[in-house]
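Work through the exercises below with the sequence and the coordinates open. Each task comes with a stepwise solution.

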Amino acid sequence: MPVTILAIESSCDDTSAAVVRDGLLLSNLIASQEVHRKYGGVVPELASRAHQANIIPVVDQAMKMAGVRPDEISAVAFTRGPGLLGSLLVGTSFAKGFALSRSIPLIDVNHLHAHVMTHWIKEPERDNRAPSFPFLCLLVSGGHTQLIIVRDHLELEEIGSTIDDAAGEAFDKCAKVMGLSYPGGPVIDKLAAKGDPQAFKLTRPSIKGFDYSFSGLKTNFLYLLRDSLREDPEFINKHRDDLCASLQKTIVDILIDKLVKAADETGVKEVGIAGGVAANSGLRQAVTHQANKKSWNLHLPELKYTADNAAMIAITGFFKYLKHQFAGQDITPLARFNV
Ligand code: KG4
Ligand code: ZN
């Protein structure tokens, strides 16, 4: 009997469903919520309502695209957290109901673990090169910035994390003060391509070990804009691309600095990045450069798997299924959840 996993991801503002059979991805559908754009950030109550409206059609479509009937599903995996509680509740409740009605196992998945597991997503007729162990992964998303040593599919150790803001948050907050649209990360990435990364010198933290900090940079950027706007109200318009390029370069340098330190000190040569910010072209270039210099075996996720998606939940669920790591019907979502 093949092992067929249906997975649900609803931790933030994307409703996603995916089907994996024997470790191979058959479908991955994402319904994004446009409703938040005009508010400049995700509105939790609107997100959970949109998940409620989207979840049944998205699951239905994902199963149809995979060519899988409900009675062929071996287990249902879902994101338990971290994330917005109201959003997580929709996915968790749906998964529980589906598992109960079909008498199949329920598998809870940590969203951060799943981002790292992106590197094990296998698609038919594609180069499915997965990292070998141990694997050092820089996980950079809107809510998290962590350095993780992956010892096995289900054995992860966090060796460093941000002590304040996440890298994606730094991109988004700095974009907001420049009046750019939400989410700011991809907008900064685009504008940075036309700017001079050396135009503005921005502050870099001096934090010990493998931890990160981005709040000092955010404040420094804010004060630079405030002081410069006093002298020239057109400052942002005149220097927008240079500001974006300098900001992106600083964030990327901070990220790479600790990644290199971690690789050097642990001796791990299998290195990769994951999470929404892993789509950043500056980060991808910088990590590729370091990989060549340091002879790393580099793993860059495909762009479609950097943002939140259920394919990563499904593949993590598949590995948990093989180890019989199931959840009970009494399981509850967690807004905070360490890797
Ligand atoms: O992993 P993700 O989709 O959601 C979380 O789990 O947080 O990450 C979203 C984050 C946002 O902060 C967004 O601005 C950032 O990823 N992001 C980028 C880029 N694409 C998405 N940041 C910089 N450059 C990009 N190209
Ligand atoms: Zn995420």
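## Exercise 1: Polar contacts of the ligand

Gly185 places a backbone N or O atom 3.2 Å from an oxygen atom of ligand 1. The model is predicted.

Task: Find the side-chain N or O atoms of His115 and Asp308 that face an oxygen atom of ligand 1, and give the distances.

Solution.
- Step 1. Take His115. A side-chain N or O atom of His115 is 3.1 Å from an oxygen atom of ligand 1.
- Step 2. Take Asp308. Here the distance from a side-chain N or O atom to a ligand 1 oxygen is 3.3 Å.
- Step 3. Apply the cut-off for a polar contact, 3.5 Å. The His115 pair, at 3.1 Å, is within it. The Asp308 pair, at 3.3 Å, is within it as well.

## Exercise 2: The shell around the ligand

Task: Describe the cover of ligand 1 by the protein, then state which elements give two or more residues to its shell.

Solution.
- Step 1. On its own, ligand 1 has 560 Å² of accessible area, and the protein covers 85% of this.
- Step 2. Helix H3 (111-117), helix H4 (167-177) and helix H5 (184-192) each give two or more residues to the shell.
- Step 3. There are 20 residues around ligand 1; Gly142, Asp172, Asp189, Gly276 and Asn280 come nearest.
- Step 4. Sort the shell by class: 6 residues are nonpolar, 11 polar and 3 charged.
- Step 5. Check the domains. Domain 1 (4-127 + 308-322) and domain 2 (135-304) both give residues to the shell, so ligand 1 lies between them.

## Exercise 3: Aromatic pairs

Task: Classify the ring pair of Trp120 and Phe133, then that of Tyr212 and Phe214.

Solution.
- Step 1. Search the whole structure: 7 aromatic pairs turn up.
- Step 2. For Trp120 and Phe133, the ring centres are 5.5 Å apart and the planes are at 15°, so this pair is stacked.
- Step 3. Locate the partners. Trp120 and Phe133 are 13 residues apart, both in the loop between H3 and strand E6 (135-140).
- Step 4. Test burial. Trp120 has 7% relative accessibility and counts as buried, whereas Phe133, at 31%, counts as partly exposed.
- Step 5. Turn to Tyr212 and Phe214. The pair is stacked, with 6.1 Å centre to centre and 15° between the planes.
- Step 6. Tyr212 is buried at 1% relative accessible area. Phe214 is buried at 0%.

Task: Which residues do ring pairs link into a cluster with Trp120?

Solution. Ring pairs join Trp120, Phe133 and Phe135 into a cluster.

Technical notes:
Residues are numbered from 1 along each chain as its sequence is written. Chains are lettered from A and ligands numbered from 1 in the order in which they are written. This is a predicted model: local features need pLDDT of at least 70, side-chain atom pairs count only at pLDDT 80 or more; totals for chains, interfaces and linings use all residues. Side-chain values use heavy atoms; hydrogens and water are left out. A residue is near a molecule or strand if one of its heavy atoms lies within 4 Å of it. A polar contact is a pair of N or O atoms within 3.5 Å; within protein, one must be able to donate a hydrogen and the other to accept it, and residues adjacent in sequence count only if both atoms are side-chain atoms. Accessible areas come from the Shrake-Rupley method with a 1.4 Å probe; for residues, only the protein chains shown count as cover. Helices (H or I, at least four residues) and strands (E, at least two) are DSSP runs, numbered from the N terminus. Ala, Val, Leu, Ile, Met, Phe, Trp, Tyr, Cys and Pro count as nonpolar, Asp, Glu, Lys and Arg as charged, and the others, Gly among them, as polar. Domain bounds come from an automatic or database domain assignment. Rings of Phe, Tyr and Trp (its six-membered ring) pair if their centres lie within 6.5 Å; planes under 30 degrees apart count as stacked, over 60 as edge-to-face and the rest as tilted. Buried means under 20% relative accessible area, exposed over 50%, partly exposed in between (1.4 Å probe, protein chains only).
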